[in-house]
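Here's a walk through one protein chain, from its overall make-up down to a few odd spots in the backbone. Have a look at the model before reading on.

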Amino acid sequence: MADTHAIPRGVMKFLEVVSVVSSLLLAACGGGGGDGSSSGATAEGLWLGSTNNSRTVTALVLDDATFYVFYSASGNPAVIAGVVQGSGNSDNGNFSSTNVRDFNVEASSVLTPTFSATYQPSQSLKGTITYTPGGAVTFTGTFNTSYDSTPSLAALAGTFTGRVAALRGAENASVVINGTGTISGSGTSGCTVSGTVTPRAHGNVFNVSLTFGAAPCILANQTSTGAAYFDAATKRLLVATPNAARTDAVLFVGTKP
């Protein structure tokens, strides 16, 4: 240990000032010996749960804070009823958004609620979606560890049959995804779709771009982009792609053999 009595008083004073300034800078940068468990911990993940009005929920919060909350018809998990979509902010166990759109295919309308939630990273997410008028809907979700898996085009590839819906209608559809991520499909109305699906760099989620053919497609000659989640255990695919103006969205739920 150094002999401080040998250091001139002026130098000692300077060193004390430097020490204080260094401590303040370290604290401002998040240092100081803490465990860091709350620093950078966000609501990112796949959350599975249900609402207080008997709907099942599959919620995706991505690494860029974009979120998709798929919800089923009340009491019928097999029927997609809509998706709540937006971008938010995680802050020490709280998540909120003010640019929310609820693409409600049951009501054939776009609603503009507010969204807030509390979360425990990689454990639980408790959300409140508030409508004016209409009151609030709450949901509770549990983190699903499949979010931590690497998205695989090889596992995703196949032919999916299911239901496609937008605000102005719904129909049965078949969608083919090949091993390079190319999409082709058609509905019972004769509407055709093409597009691409690409794995995201973080999280077991895919980016999706869809381009629709001419009429009778509801979004005729339009392109919409969004996200998809593939549940490898059930071979079920969920897709949500809002259009650029966020005035409509195409939802697809399908399974493959």
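What follows goes from the whole chain to the barrel, the cores, one sheet region, and then the disulfide and the unusual backbone geometry.

**The chain as a whole**

Keep in mind that this is a predicted model. The chain has 257 residues, and 40% of them are buried. Its secondary structure comes to 2 helices and 19 strands. As for how the chain folds back on itself, take the contacts between residues at least 6 apart in sequence: 40% of those join residues at least 24 apart. About 13000 Å² of the chain is exposed, with carbon and sulfur atoms supplying 55% of that area.

**The barrel**

So which strands close into a barrel? There are 8 of them, in the order β12-β13-β14-β15-β16-β17-β18-β19, with antiparallel pairing. From one strand to the next, the twist averages 30 degrees.

One pair in that ring is worth a zoom. Strand β17 (residues 223-231) and strand β18 (residues 236-242) are antiparallel, paired over 5 bridges. Asp231 faces Arg236 of β18 across the pairing. In the loop between β17 and β18 sits Lys235, a residue that comes up again below.

**Two cores**

In general, nonpolar side chains tend to be buried together in soluble globular proteins. Here the largest nonpolar core has 41 residues, and the ones with the most contacts inside it are Phe67, Phe70, Val84, Phe95 and Phe115. Strand β3 (residues 66-73) gives the most to this core, with 5 residues. Another core, of 23 residues, lies apart from it and includes Leu153, Leu156, Phe230 and Leu237.

Phe115 is a handy place to put your cursor. Leaving out residues up to four places away in sequence, Phe115 touches Phe67, Val69, Phe95, Ser96, Ser97, Val100, Thr128, Ile129 and Phe139.

**Around strand β6**

Three of the residues that Phe115 touches are Phe95, Ser96 and Ser97, and strand β6 spans residues 94-97. Which face of β6 is covered? That would be the one with Phe95 and Ser97, while Asn94 and Ser96 make up the uncovered face.

On one side, β6 is joined by 3 bridges to strand β5 (residues 89-91), and the two run antiparallel. Asp91 stands opposite Asn94 of β6. β5 and β6 make a hairpin with 2 residues between them, and Asn92 in the turn has a positive phi of about 55 degrees. β6 also pairs with β9, again antiparallel, through 4 bridges. There, Asn94 is opposite Thr118 in β9.

**The disulfide**

The count of disulfides is 1. It links Cys191 and Cys217, with sulfur atoms 1.9 Å apart. The link is right-handed, at 105 degrees about the S-S bond. Cys191 is in the loop between β14 (182-187) and β15 (192-199), and Cys217 is in the loop between β16 (206-212) and β17, so the pair links distant parts of the chain, 26 residues apart. Are these two cysteines buried or exposed? Both Cys191 and Cys217 are buried.

**Odd spots in the backbone**

Most residues other than glycine have a negative phi, and most peptide bonds are trans. Against that background, these sites stand out:

| Site | Feature | Angle | Location |
|---|---|---|---|
| Thr132-Pro133 | cis peptide bond | omega about -5 degrees | Pro133 in the loop between β10 and β11 |
| Ala215-Pro216 | cis peptide bond | omega about 20 degrees | Pro216 in the loop between β16 and β17 |
| Ser122 | positive phi | phi about 60 degrees | loop between β9 and β10 |
| Lys235 | positive phi | phi about 60 degrees | loop between β17 and β18 |

Pro216 is in the loop between β16 and β17, and that loop holds Cys217 of the disulfide too. Thr132 and Pro133 are joined by the other cis bond listed, and Pro133 lies between β10 (124-131) and β11 (135-143).

How exposed are the positive-phi residues in the table? Ser122 counts as partly exposed because its relative accessibility is 47%. Lys235, with a relative accessible area of 36%, is partly exposed as well. Neither Ser122 nor Lys235 is a glycine.

Terms used: Residues numbered from 1 in each chain as written. Predicted model: local features only at pLDDT ≥ 70, side-chain atom pairs only at ≥ 80, totals over all residues. Heavy atoms only, no water. Pairing = 2+ DSSP bridges. Axes fitted to C-alpha atoms, helices over the stretch in contact; angles between N-to-C directions. Buried < 20%, exposed > 50% of the residue type's maximum accessible area, 1.4 Å probe, protein only. Contact = heavy atoms within 4.5 Å. Areas by Shrake-Rupley, 256 points an atom, 1.4 Å probe, with all protein chains shown as cover. Core = buried A, V, L, I, M, F, W, Y, C linked by side-chain atoms within 4.5 Å. Disulfide = S-S within 2.5 Å.
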